[in-house]
Amino acid sequence: MKEDKARAVSFFSMKGIDARQISEKESGKKPDLELYIDDSLFGYCEIKSIVDYDFIGEHHDPTNNKIQNKIHEASKQFSAYNADHNVPNILLFMNHYKNIGFKDLWVVLTGQETPPNNPSEPIDIRYAKRLAQKNDLSHIDYFVDRTSVV
């Protein structure tokens, strides 16, 4: 989504970071943006959009699966493009659905509801376990959650 790239560039610009689109001429898996501070490469950014979807009846909300899959996709892109991991890899989620956000990402990464939570609440580590089995989290240094819903 071109609008999401423009929003990401604007977000980084407000932080004093120059976000540049990686050339389409480069083949293979690659992140969306190179990030520069004072013309020095600072890191790479992959933008993943979370868009509205419908689910019917008593079926489980597919949000956590969607987030886990986006993390896995980004991890493959980072490991292919920044194989030596010389600079940080940043995964930026751009949410287009007001009911999805940081709390959902937290559940996927930790298996718990966001604090303060009840210590007796069950922990669901299936998403984190899948990410660990695929070694996805070793390729991502930072997660950023942005919303584009007004």
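# Exercises on helices, cores and salt bridges

Helix α1 has 13 residues and spans 19 Å from its first C-alpha to its last, close to the 18 Å expected at 1.5 Å a residue. The model is predicted, with a mean pLDDT of 83 for the chain, and 84% of the residues reach 70 or more.

## Exercise 1. The overall layout

Task: state how many helices and strands the chain has, and give their order.

Solution.
1. The chain has four helices and five strands.
2. Along the sequence they follow the pattern α-β-β-β-α-β-α-α-β.
3. Confidence varies among the elements: β2 has the highest mean pLDDT, 96, and α3 the lowest, 81.
4. Of the 150 residues, 38% count as buried.
5. Among contacts with a separation of 6 or more, 62% join residues 24 or more positions apart.

## Exercise 2. The two sides of α1

Task: find which residues of α1 are buried, and where they sit around the axis.

Solution.
1. The buried residues of α1 are D4, A8, F11 and F12.
2. These residues cover an arc of only 90° around the axis, so they lie on the same side of α1.
3. The face turned away from that buried side carries the exposed residues K2, E3, S13 and M14.
4. After α1 comes G16, which has a positive phi near 80°.

## Exercise 3. A salt bridge within α1

Task: identify the partner of D4 in a salt bridge, and decide whether each of the two residues is buried or partly exposed.

Solution.
1. The side chain of D4 meets that of R7 in a salt bridge, at 3.6 Å from N to O.
2. Both residues belong to helix α1 (residues 2–14); because they are three residues apart, about one helical turn separates them.
3. Buried means under 20% relative accessible area. With 1% relative accessibility, D4 therefore counts as buried.
4. R7 has a relative accessible area of 39% and is partly exposed.

## Exercise 4. Salt bridges beyond α1

Task: work out which parts of the chain the R20 and D39 pair ties together, then examine the pair formed by E46 and K48.

Solution.
1. The total count is six salt bridges.
2. One of them joins the side chains of R20 and D39, at 2.9 Å from N to O.
3. R20 is in strand β1 (residues 18–21), whereas D39 is in the loop between β2 (33–37) and β3, so the pair ties together parts 19 residues apart in sequence.
4. R20 is partly exposed at 30% relative accessibility, and D39 is exposed with a relative accessible area of 64%.
5. D18, R20 and D39 are linked in a network of salt bridges.
6. In the salt bridge between E46 and K48, the closest N and O atoms are 3.3 Å apart.
7. E46 is buried, with a relative accessible area of 3%; K48 is buried too, with 8%.

## Exercise 5. The nonpolar cores

Task: determine how many residues the largest nonpolar core has, and which elements each supply at least two of them.

Solution.
1. The largest nonpolar core has 16 residues.
2. Within this core, I67, I71, L91, F93, V108 and I140 have the most contacts.
3. β3 (40–50), α2, β4 (89–95), α3 and α4 each supply at least two of its residues.
4. The largest share, four residues, comes from α2.
5. F93 can be followed further: apart from its neighbours within four places in sequence, F93 is in contact with K48, I50, I67, K70, I71, L105, F143, V144, D145 and R146.
6. There is also a second, separate core of 13 residues, which includes A8, A19, I47 and L92.

## Exercise 6. The packing of α4

Task: name the buried residues of α4, and say which elements are included in what covers them.

Solution.
1. In helix α4 (residues 126–133), the buried residues are Y127, A128 and L131.
2. Their arc around the axis is only 95°, which puts them on the same side of α4.
3. What covers these buried residues includes α2 (63–81) and α3 (102–110).
4. On the face turned away from the buried side are the exposed residues A132 and Q133.
5. Just after α4, N135 takes a positive phi of about 60°.

Methods. Residues numbered from 1 in each chain as written. Heavy atoms only, no water. Buried < 20%, exposed > 50% of the residue type's maximum accessible area, 1.4 Å probe, protein only. Arc of directions from axis to C-beta. Contact = heavy atoms within 4.5 Å. Core = buried A, V, L, I, M, F, W, Y, C linked by side-chain atoms within 4.5 Å. Salt bridge = Lys/Arg side-chain N within 4 Å of Asp/Glu carboxyl O. Expected span 1.5 Å × (residues − 1). pLDDT = per-residue confidence, 0-100.
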